[in-house]
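Student: Could you take me through this protein model before I set anything up with it?

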Amino acid sequence: MQYAENFASTLKGGEVILLDGEMGAGKTVFVKGLARGLGIEDEVTSPTYAYMNEYGDGRLYHYDCYRLSSGAQAEAMGLTEYFGGAGICVLEWAENIADVLPAGCIRITIEKLGKVNRVIRVE
């Protein structure tokens, strides 16, 4: 969470961040840290059934694309309309909608090294 909180200070708005990692790696915890670093006090929860949660009056959008089968489905649901806006979009399971992702996405990979330790790589 602390890493994400610090990482938030490097963001300007409009970024699309792709979070990679197995279930339980800490992707939602990373988003909680981003929110805290952006000064957002909303409670951050996994958007598994909502597909997307909005925080901080549109400053942060948290997607869970696990149940999406295509980019066309994401477009039909209006989820891609937030890409390129002023808010930061953070996507879990983005590979499911890879064909509609904008150029220049930031990829963050979280790798579990046990119950507590993680390796975080930013590309």
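Tutor: What follows covers the overall fold, the cores, and then some individual residues. This is a predicted model, in which local features need pLDDT of at least 70 and side-chain atom pairs count only at pLDDT 80 or more, while totals for chains, interfaces and linings use all residues. Residues are numbered from 1 along each chain as its sequence is written, and side-chain values use heavy atoms, with hydrogens and water left out.

Student: Which pattern of helices and strands does the protein follow along the sequence?

Tutor: Read along the sequence, the pattern is α-β-α-β-β-α-β-β-β, which comes to three helices and six strands. Helices (H or I, at least four residues) and strands (E, at least two) are DSSP runs, numbered from the N terminus.

Student: How does the radius of gyration compare with the globule rule?

Tutor: The radius of gyration is 13 Å, close to the 14 Å that the globule rule gives for 123 residues, so the protein is as compact as a globular protein of that length. The radius is taken over C-alpha atoms, and the rule is 2.2 Å times the number of residues to the power 0.38. Along the principal axes, the C-alpha atoms fill a box of roughly 40 × 30 × 25 Å.

Student: What share of the residues counts as buried?

Tutor: Of the 123 residues, 44% count as buried. Buried means under 20% relative accessible area, exposed over 50%, and partly exposed in between (1.4 Å probe, protein chains only).

Student: What share of the contacts comes from residues 24 or more positions apart?

Tutor: Such pairs account for 57% of the contacts with a separation of 6 or more; contact means heavy atoms within 4.5 Å.

Student: On to the interior. Which residues touch the most other members of the largest nonpolar core?

Tutor: They are F7, I17, F30, L34, L60, V90 and I108, in a core of 20 residues. A nonpolar core is a set of buried Ala, Val, Leu, Ile, Met, Phe, Trp, Tyr and Cys residues joined through side-chain atoms within 4.5 Å. Two or more residues each come from α1 (2-7), β1 (16-20), α2 (27-37), β4 (88-92) and β5 (106-112). The most come from α2, with four residues.

Student: Which residues of α2 are buried, and what do they pack against?

Tutor: The buried residues in α2 are K27, T28, F30, V31, G33, L34 and A35. They pack against α1, β1, β3, β4, β5 and β6 (118-122). Not counting residues up to four places away in sequence, F30 touches Y3, A4, F7, L19, I108, I110 and I120.

Student: What else is there besides that core?

Tutor: There is a second, separate core of 17 residues, which includes M52, Y63, C65 and L79.

Student: Let us turn to the backbone. Which residues other than glycine have a positive phi?

Tutor: Two examples are D57, with a phi of about 50°, and W93, with a phi near 60°. Most residues other than glycine have a negative phi. A glycine, G39, follows α2 and has a positive phi near 80°.

Student: Are D57 and W93 buried or exposed?

Tutor: D57 counts as exposed because its relative accessibility is 79%, and it lies in the loop between β2 (52-55) and β3 (60-64). W93, by contrast, is in the loop between β4 and β5 and counts as buried, at 18% relative accessibility.

Student: D99 is in a loop as well. Where does it lie, and what is it in contact with?

Tutor: D99 also lies in the loop between β4 and β5, and it is exposed, with a relative accessible area of 62%. Leaving aside neighbours within four places in sequence, D99 is in contact with S70 and G71. The C-alpha atoms of D99 and I110 are separated by 22 Å, although these residues are 11 apart along the chain.

Student: And E75, what does it touch?

Tutor: E75 touches T80 and V100, not counting residues up to four places away in sequence. This residue is in helix α3 (residues 71-76) and is partly exposed, with a relative accessible area of 45%. The C-alpha atoms of E75 and I97, 22 residues apart along the chain, are separated by 9.3 Å.

Student: Finally, is T109 buried or exposed?

Tutor: T109, in strand β5, counts as buried at 15% relative accessibility. Not counting residues up to four places away in sequence, T109 touches D20, V119, I120, R121 and E123.
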